[in-house]
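This report describes selected features of one protein model. The sequence and structure are shown first.

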Amino acid sequence: MQIPSKYDAHKVEDKWYNYWMKHNYFHSEPDEREPYTIVIPPPNVTGVLHMGHMLNNTIQDVLIRRARLLGKNACWVPGTDHASIATEAKVVAKLKEQGIDKNDLSREEFLSHAWDWTHEYGGVILEQLKKLGCSCDWDRTKFTMDDEMSEAVIKVFVDLYQKGLIYRGYRMVNWDPEAKTTLSDEEVVHEERQGNLYYLEYKVEGSDEKLTIATTRPETIFGDTAICINPNDERFNHLKGKKAIVPICNRIIPIIEDEYVDMEFGTGCLKVTPAHDENDKNLGDKHKLEVIDIFHDDASLNSFGLHYEGKDRFVVRKEITKELEDKGILVKTESHINKVGTSERTKAVIEPRLSDQWFLKMEELVKPAIEAVLGEDADINLFPKKFENTYRHWMENIRDWNISRQLMWGQQIPAYYYGDGKNDFVVAETAEKALELAKEATKNQELKIEDLQQDKDALDTWFSSWLWPMSVFDGIRNPENEEIKYYYPTNDLVTGPDILFFWVARMIIAGYEYKGEKPFNNVYLTGLVRDKQRRKMSKSLGNSPDALKLIEEYGADGVRVGLLLSSAAGNDLMFDEALCQQGKGFGNKIWNAFRLIQGWEIDENIPQPETSKIGLEWYEAKFQSALVEIEDHFSKYRLSDALMAIYKLIMDDFSSWLLEIIKPAYQKPIDVHTYKAVIEAFENNLKVLHPFMPFLSEEIWQYISERTPEEALIVAKWPVFKDINEELISEFEFASEVISGIRNIRKQKNIPFKDAISFSVINNGNTSKTFDGVIAKIGNLENIEYTEETVEGALTFRVKSNEYFIPMVGAIDIEAEVVKLSEELKYTEGFLKSVQKKLSNERFVAGAPEQVVAAEQKKEADALAKIETLKASLASLN
């Protein structure tokens, strides 16, 4: 077959992806093989491919492709998450453009629009992952709102409720006024922001006296129901038992005492607003204070806000500050930095709010998940281990999980109300079952389904995705089915540390609750993708490259290599587009090496040169050594290091050395034994390269010879481990230094590489002569003469204790050479002096680390050897 002169990534990628899909290589069914399973961290159905997805999914594809080559039954389950808050926001925005208000729609009408939106835009990201080369089992694609997935979620809710673990409670929650829903604590991002501390004067009832309080939120004074002082604060003894008057609304409130008040902060007097601060709510409960909610669900003020009714809280903050100032109530304002909770999804400032919500008790559920990761017999590994501390902190300080959301997009909470009371409800998987339970509860057999009202709230998105490793194999609805028993627990989970608690920990909790075992063996936590300036990539900064444009420019393989070369396990990676160019260049180098080999004419009648035989034996040893290193890196999830080992193997050992050793003389043929052996070596290279560069490797593999679908590289066998000839590797390392010495002298003295030269050696180190033929061939030497005496009038260099001589060829400027060598000698002697001064310093030798002292001693030995060689060279020129 005629091989194109250039590698065309675009043609190749489409061709082989379609071929892989046609032959169903990605699909898995349970069989007698060992399973290897990965479930994808389901991206939001609203999502498009960004750099984080690119890194995460490249890593997963590397692991899954390698598992296939190792002969395992590899199953990578793809899917998307319904992302309730994000998707509902997009649907609401689209409806708004059409002049439709969400509040004017019934639940069914809104869900119809949401499904339309999902069918139109959802899953775009999965199609984009195909461009990256992801070999997911697309037949198994799941969506967290699929009917069977939703059934599993509802089944779990009912089960946990029946176990007494789910309850309804009136609590202070995190309210997102933009999405108009509650959020769990973990969905709130606390940011330091510059704000103000406002000092306000409250009148004391029945006197001319005033007290001053400090607040960051003057707009909440309408919800004040007490002033609190510390009973130990002597400054305020005279206020005990009295009442204060709230400015503007003139409500009379008690002055209460509690040691909760920090006497050092602000003025020592605290305004208590139980409806809008969790600590104030606790104080309010303790002292039985009135609770006044002053906000609508969009955080505008309600009728308690008087003339500010209907205005946004931040607008009111500005306006009320002015009013308080005009009335002489605002004493002073100070700059103040405080932590502000914001919604992870909408970025809106969170409003603490009292609300009836559904909660899941976590205290007991979490115990097996703590043991699984942190116990003595832990059977889930986090990579890198440093994240165990983060995991411990979250899990040991866990609070009950607020699982209800005031949204329509999501699984509707299966609670059915049959009366007017707050607790007049039943929980069931279906309305029909709920009716039976309601009839039992009310003793009213006349009840109809129409008499029941299902709870309007939806479940938190994470309450569906925490079941993911089980629900994708139908393990909740049918816990004994063949697939869940075969594929579960899964092997590796690859995700970001930012969802270690949101998702990873919760999946572990669910796994032990519903399967009695871990959901996965290993969790590989990738770093965040940052730019060269260490900034997190984001749309707002404009520093995030278009993922698909990168693939267009550098090819999928080039981008995969670029991402992994910049990625160290668990650390943030500094992405540099130049690394994608390096990846593309690596691909071109491999392509050109293959074209070089294919360009050689083969002669079946000529014998194999000894140089080729020994060169191929050396490369086999080097390959086996690299294979062990690659295996070690994979076992520790150091995929970047594994790739770098392959990169060096192919770029240096194969392309720069082996091909030089075996290549035939100009316009001469190659023997058939060498040709077959180098093709076999190339094929082994392609096997270890395939997980990282699937398209290029498959393309070359298929060019090497005609292959049946069963012989495609994607389903080939990973190279087998063999004994490593360490001695051969060591001998070649020495020989390569000799070749480098010859090349340096040729370059320095402008001796053309086409001119054969004489070469002599004093073999002080009794060095093996195994690679003499290789040295002679690559160095283009007439011969290698072993001698006991220094060769006069020759250029010299040393490798360890051996001394090598190249007679001077042609016209050489002796004087210039003497000057040059003399300068080099002078510099080296000065360098030696500085090293020896350091080594003669007893304090340095005693105090420095062992490896530092050893490095200095090596510098001394190298300098002494170099001085000896330079002096010998000068002597031969005089």
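The sections below take up sheets, cores, a covered helix and internal cavities.

## Basis of the model

The structure is a predicted model, and local features are reported where pLDDT is at least 70. Pairs of side-chain atoms count only at pLDDT 80 or more.

## The four-strand sheet and Thr-182

Four strands make up an open sheet with antiparallel pairing, in the order β6-β5-β14-β16. Its edges are β6 (181-183) and β16 (401-402), each of which pairs on one side only. Strand β5 (residues 166-176) is joined to strand β14 (residues 351-360) by 10 bridges in the antiparallel sense. Within this pairing, Gly-169 has Gln-357 of β14 as its bridge partner.

Thr-182 is located in strand β6. Is Thr-182 buried or exposed? Its relative accessible area is 0%, and because the cut-off for burial is under 20%, Thr-182 counts as buried. Beyond its neighbours within four places in sequence, Thr-182 is in contact with Val-173, Asn-174, Trp-175 and Gln-357. Its further contacts are Asn-402, Ser-404, Arg-405 and Gln-406. Two of these partners recur in the sheet just described: Gln-357 is the bridge partner of Gly-169, and residue 402 lies in edge strand β16.

## Further strand pairings

A second open sheet, of 3 strands, follows the order β19-β18-β20 and is likewise paired in the antiparallel sense. The edge positions are held by β19 (425-427) and β20 (453-454), each pairing on one side only. Strand β18 (residues 415-417) meets β19 over 3 antiparallel bridges, and Ala-415 stands opposite Val-427 in β19.

Strand β11 (residues 252-257) takes part in two pairings. With strand β9 (residues 226-229), β11 runs parallel and shares 3 bridges; here Ile-229 stands opposite Glu-257. With strand β10 (residues 243-245), the pairing is antiparallel, again over 3 bridges, and Lys-243 stands opposite Pro-254. Strands β10 and β11 form a hairpin with 6 residues between them. In its turn, Ile-248 has a positive phi of about 70°.

## Nonpolar cores

In soluble globular proteins, nonpolar side chains tend to be buried together. The largest nonpolar core in this model contains 195 residues. Which of its members touch the most others? They are Trp-358, Leu-360, Tyr-391, Phe-463, Trp-466 and Ile-508. Helix α19 (residues 639-662) contributes the largest share of this core, with 15 residues.

Outside the four places on either side in sequence, Ile-508 is in contact with Ala-369, Ala-372, Val-373, Ile-380, Tyr-391, Pro-519 and Phe-520. Another core, of 28 residues, lies apart from the largest one; among its members are Tyr-198, Ile-221, Ile-227 and Leu-301.

## Helix α23 and its cover

Helix α23 (residues 772-779) is mostly covered, with 6 of its 8 residues buried. These are Asp-772, Val-774, Ile-775, Ala-776, Ile-778 and Gly-779. The elements covering them include α18 (610-635), α19, α22 (726-748) and β29 (785-786). Helix α19 thus appears both in this cover and as the main contributor to the largest core. Just after α23, Asn-780 adopts a positive phi of about 50°.

## Internal cavities

Rolling a probe the size of a water molecule over the atoms shows where empty space is left. How many cavities of 30 Å³ or more are found in the whole structure? The search finds 2. The largest has a volume of about 40 Å³ and is lined by Ile-590, Ile-650, Phe-654, Phe-682, Asn-685, Leu-686 and Leu-689. Helices α19 and α20 (672-689) each supply at least two of these lining residues, and α20 gives the most, with 4. The lining comprises 6 nonpolar residues, 1 polar residue and no charged residues.

The second largest cavity holds about 30 Å³ of space. Its lining is formed by Thr-144, Met-149, Ala-152, Val-153, Ser-464, Leu-467 and Ser-471. Helix α6 (residues 147-162) gives the most to this lining, with 3 residues. By class, the lining has 4 nonpolar, 3 polar and no charged residues.

Notes
Residues are numbered from 1 along each chain as its sequence is written. Side-chain values use heavy atoms; hydrogens and water are left out. Two strands pair if DSSP finds at least two bridges between them. A nonpolar core is a set of buried Ala, Val, Leu, Ile, Met, Phe, Trp, Tyr and Cys residues joined through side-chain atoms within 4.5 Å. Buried means under 20% relative accessible area, exposed over 50%, partly exposed in between (1.4 Å probe, protein chains only). Contact means heavy atoms within 4.5 Å. On a 1 Å grid over the protein atoms alone, a cavity is a set of points where a 1.4 Å probe fits but cannot get out, and a pocket is an open set with protein on both sides within 12 Å along at least five of seven lines; lining residues have an atom within 4 Å of a point. Grid points are joined across faces, edges and corners, and a volume is the space filled by probe spheres set on the points. Ala, Val, Leu, Ile, Met, Phe, Trp, Tyr, Cys and Pro count as nonpolar, Asp, Glu, Lys and Arg as charged, and the others, Gly among them, as polar.
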